[in-house]
Structures are given as structure tokens and as C-alpha cells.
Amino acid sequence: MDISFSGKRILVTGGGRGIGREICLTLAKCPQVTVFALSQGKTHLDSLKALAPSVNIVPVDLADHEATRKAVAAILPIHALVNNAGVAHLASFLDMEMDAFDKVFEVNVKAVFNVSQVVAKCMVEQKIAGSIVNVSSQASQAALQDHAAYCASKGAVDMLSKVMALELGPHNIRVNCVNPTVVLTEMGRLGWSDPVKAGPMLAKIPLGRFAEVSEVVNAVLFLLSDKASMINGITLPIDGGFLAT
Ligand code: NAP
């Protein structure tokens with residue numbers, strides 16, 4: 001099955017590292033696609049650009065709402081958007097501080113709202129049949145120790161996405177989520193490198209392993225593409241069966 005993004009302008013947030021970087025690198029290999037990678041730090045974006053010179057880089061802090069709106073407005077129209085940037089702050093519920101909780105919500109939830117609003121307004125104005133994929137997590141639906149802010153933020157992403165699917169569907173804009181289990185990127189290693197912690201999690205995954213970055217990339221690109229033209233408002237687990245048990 002060939003997926004084509006020919007003629008599309010695609011924005012990926014958190015494109016500098018991890019899953020977002022691989023999404024950008026895969027898209028950059030597709031013919032006639034214009035890829036925009038948005039991230040906070042210039043270092044990761046510069047190294048991405050060195051690997052894939054056709055990728056356009058957008059360095060901006062998603063927690064700065066005005067700067068983000070300006071940066072995204074400058075690259076419109078966007079036909080497809082992947083809200084992938086995310087942060088985790090691990091602390092027990094009793095120890096979690098408000099500042100850390102806010103920081104997680106700034107990037108994981110409010111940036112999804114902010115970027116999507118700018119992109120979707122233009123899609124509606126220009127009658128673009130758009131697609132938005134939000135990178136959520138299995139943690140949106142299953143409680144994880146020390147992940148209060150992260151789990152709550154991903155639960156919010158799932159429901160924000162469903163309301164977006166409801167309201168943007170009539171404009172021919174689809175909005176979906178992918179919900180991966182642990183993927184051993186930098187963020188994944190932060191929480192799951194310790195075998196004592198990883199073991200019980202692995203035991204709850206029927207396939208008995210964590211997800212590869214490419215397995216998340218494939219699902220994102222499918223939902224982003226016209227091959228998923230009747231799929232709207234879903235939360236797709238990429239979890240080896242974790243949520244089924
Ligand atoms: P990662 O390797 O830590 O990369 C996160 C990316 O987000 C980086 O490019 C980072 O930019 C960017 N970012 C963070 N804060 C930002 C901000 N304020 N402004 C702009 N960019 C910002 O993470 P990952 O593992 O690839 O995760 C990607 C997504 O998958 C996240 O939404 C995460 O919640 C979700 N997810 C991950 C896992 C996992 O186990 N890894 C599992 C389920 C879901 P810089 O490079 O500039 O720092």
C-alpha cells in the first residue's frame with residue numbers, strides 16, 4: 001500500500017528528537033512533500049537539517065503561546081499536522097509541585113490546542129481537507145505510578161482530540177490520536193530504563209516488548225494520510241495489547 005503526501009505541507013511538533021524526528025525523516029523521503037519540524041532547541045533541529053536538508057526547521061518554545069502562533073502563522077497553509085511534542089515530569093502525586101504540573105500541561109495539552117487552532121482556522125478558510133494526528137499515550141487510559149501530570153495531560157489530549165474531531169469533521173478535517181506504550185526514546189528511557197520498573201510493565205504487554213519508534217511512525221503516517229479518510233476521532237493504541245488486558 002503506497003501512501004502519498006504529494007503536494008502537502010506537513011508540520012510536526014517535537015521534530016528535533018525521538019519519535020518526531022523519525023516522522024520528519026520518513027516524510028522527507030516522500031516525493032513532493034514540504035516538511036516543517038518545530039522544536040524548542042536549535043541543536044536538535046540543526047542536526048535534523050544536516051541529515052535531511054529539505055526539512056524546514058521552526059525553533060520555538062511551545063510554552064510561549066504568542067511566539068508559537070506567530071511562528072506557525074508564518075508557514076501556513078499546513079495540510080497535515082502532527083502534534084507530537086511532549087514532556088514528562090515524574091513525581092509521586094503527593095510530591096508533585098504546581099509549577100511542574102503546569103509545565104507538563106503547557107506542552108502536552110495547551111500547545112496542542114494552540115497550534116491546532118492556528119492551523120485549523122487556515123484549513124477551514126482555504127477549504128483544505130486536512131488531517132491532524134495527536135501523539136497521546138497508553139497513559140491517557142491507564143494509571144502509572146509517578147505519572148499524575150503526564151497521565152492527566154494525555155487524558156486531556158484524547159478528549160480535546162475528540163471534540164476537535166466533532167467540530168472540525170464538518171469542514172473535512174480529521175483529528176485522531178495514537179496512544180503508544182513505552183517507546184525507548186529519550187523520554188522513554190527517563191521512565192523505563194530501570195529493569196525493576198520495566199519488568200512489571202513488560203509483563204502486562206501481551207506481545208512482551210516495548211514499541212519501536214518505527215511502529216509509532218507507521219501508525220501516525222497512516223492516520224495522517226488519505227488511506228485513513230473515514231477515520232476520525234479515534235485513540236489508537238500502539239501497545240502490543242496492554243490496554244486490552
Ligand atoms: P523526546 O525524545 O523527549 O522528544 C520530545 C520532543 O518534543 C523534542 O524534540 C523536544 O524539543 C520537543 N519539545 C519538548 N518541549 C518543547 C517545547 N516547550 N517547545 C517545543 N518543543 C518541545 O520524546 P518522544 O519520546 O519522542 O515523545 C514524543 C511524543 O510521544 C510525546 O508526546 C510523548 O508524550 C509521546 N509518547 C512517548 C512515549 C515514550 O515512551 N517515549 C510513549 C507514549 C507516548 P527539543 O529537542 O528541542 O528538546
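Here is a short back-and-forth about a predicted model with a ligand.

Me: Before we start, what are the ground rules for numbering and confidence?
Reply: Residues are numbered from 1 along each chain as its sequence is written, and side-chain values use heavy atoms, with hydrogens and water left out. Since the model is predicted, local features need pLDDT of at least 70 and side-chain atom pairs count only at pLDDT 80 or more, while totals for chains, interfaces and linings use all residues.

Me: Why is Ser 136 called buried?
Reply: Buried means under 20% relative accessible area, exposed means over 50%, and partly exposed is in between, with a 1.4 Å probe and protein chains only. Ser 136 has 3%, so buried it is.

Me: What makes the pairing of Ser 136 with Asp 158 a polar contact?
Reply: The term asks for a pair of N or O atoms within 3.5 Å; within protein, one must be able to donate a hydrogen and the other to accept it, and residues adjacent in sequence count only if both atoms are side-chain atoms. The side chains of Ser 136 and Asp 158 make such a contact at 2.7 Å.

Me: Which polar atoms does the ligand have beside Asp 61, Leu 62 and Lys 154?
Reply: A ligand nitrogen is 2.9 Å from an N or O atom in the side chain of Asp 61, and a ligand nitrogen is also 2.9 Å from a polar backbone atom of Leu 62. For Lys 154, a polar side-chain atom lies 3.0 Å from a ligand oxygen.

Me: How much of the ligand does the protein bury?
Reply: Taken alone, the ligand exposes 900 Å², and the protein buries 95% of that. Those areas come from the Shrake-Rupley method with a 1.4 Å probe; for residues, only the protein chains shown count as cover.

Me: Why is Pro 237 called partly exposed?
Reply: Pro 237 has a relative accessible area of 38%, which falls in the in-between class, so partly exposed fits.

Me: What makes Lys 127 stand out in its backbone, and is Lys 127 buried or exposed?
Reply: Lys 127 has a positive phi of about 50° although it is not a glycine. Its relative accessible area is 75%, so Lys 127 counts as exposed.

Me: Why is Asn 172 called exposed?
Reply: Asn 172 comes in at 51%, over the 50% mark, so exposed is the right word. Asn 172 also has a positive phi, about 65°, although it is not a glycine.

Me: How do you know that the peptide bond from Leu 76 to Pro 77 is cis?
Reply: Its omega is near 0°.
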